[in-house]
Amino acid sequence: ELDEKDEEMYRGLYDVKSLQIEEGITSIAEEIFYDAKNLEKAEIADSVTYIGKCAFEECRKLKYVKLPKGLKAISGGIFDDCRALEKVTMPDSYTEIGNYAFHRCHKIEEIYMPETLTKIGYYAFSECFMLRGIELPENLTDIEQGVFWRCKSIEKLVIPHGVKALKTNVFVGCKFEYVIIKNPDCEIEKNIDLKEGVLFGYKNSTSEEYAKNAGLKFYSLDKG
């Protein structure tokens, strides 16, 4: 385990550009690589099953990370403010993305989401300006406040049927061509800030009502 006892040692590695966590380690403590100023690459062995919150926060030269296959959750703030991050090799079957996990990852373009994913936390992708490769899995149920705040490059988004609500500020600054909302009863808060593009949904649904109130074009998914 990499924990607080190792923190002083690792925080002194400001000149290290590449980091490899070897097999046998099972967990990594919170904030342990916080502000590692020159770190560009990190590869984490598949034996690791837990990585604490904000583990790589403000590693502003970090470009690539390989996460372990068996990781079950992407902890809150894990890559917060990693502004150079371009690619993360994601786990196979994680269930949750924590609050601010990829906040201000300005250069990342794609994030793999498995069918096991059920929750995306507050502002998880906010200010991911180049993020465009987004495919939300059908088992997703919770999209928290501000998740796609200022994700200006996402053109198309399909909200799965299991998502129960779209919350405050979830689409601030987005410039969609279209959004599809599959759940006709999805609770849509007035200030989700969806202002551009076409909204697809079902007749007499909450999405149709939102489109009418927001002055958006609406097309029905009903057959016939």
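**Salt bridges, a pocket and two odd phi angles**

Reader: Is Lys66 buried, partly exposed or exposed?
Author: Its relative accessible area is 23% in this predicted model. Buried would need under 20% and exposed over 50%. Lys66 falls in between, so call it partly exposed.

Reader: Which residue does Lys66 form a salt bridge with?
Author: The closest N and O atoms of the pair are 3.1 Å apart, and the cut-off is within 4 Å. Lys66 sits in strand β5 and its partner in the loop between β3 and β4, so the bridge ties together parts 20 residues apart in sequence. That partner is partly exposed, at 33% relative accessible area. Lys66 pairs with Asp46.

Reader: Glu144 and Lys167 meet in a salt bridge; which of them is buried?
Author: The two side chains come to 3.0 Å, N to O. Lys167 has 24% relative accessibility, so it counts as partly exposed. Its partner has a relative accessible area of 8%, and under 20% means buried. The buried one is Glu144.

Reader: What is the volume of the largest pocket?
Author: Its lining has seven nonpolar, one polar and five charged residues. Its space comes to about 210 Å³.

Reader: Which residue in the loop between β15 and α2 has a positive phi although it is not a glycine?
Author: Most residues other than glycine have a negative phi. Here the angle is about 60°, and the residue is exposed, with a relative accessible area of 78%. Look in the loop between β15 (198-201) and α2 (206-214) for Asn204.

Notes:
Residues numbered from 1 in each chain as written. Predicted model: local features only at pLDDT ≥ 70, side-chain atom pairs only at ≥ 80, totals over all residues. Heavy atoms only, no water. Helix = DSSP H or I, 4+ residues; strand = E, 2+ residues; numbered from the N terminus. Buried < 20%, exposed > 50% of the residue type's maximum accessible area, 1.4 Å probe, protein only. 1 Å grid on protein atoms, 1.4 Å probe; cavity = no way out; pocket = protein on both sides within 12 Å on 5 of 7 lines; lining within 4 Å. Points joined across faces, edges and corners; volume = space filled by probe spheres on them. Nonpolar A, V, L, I, M, F, W, Y, C, P; charged D, E, K, R; others polar.
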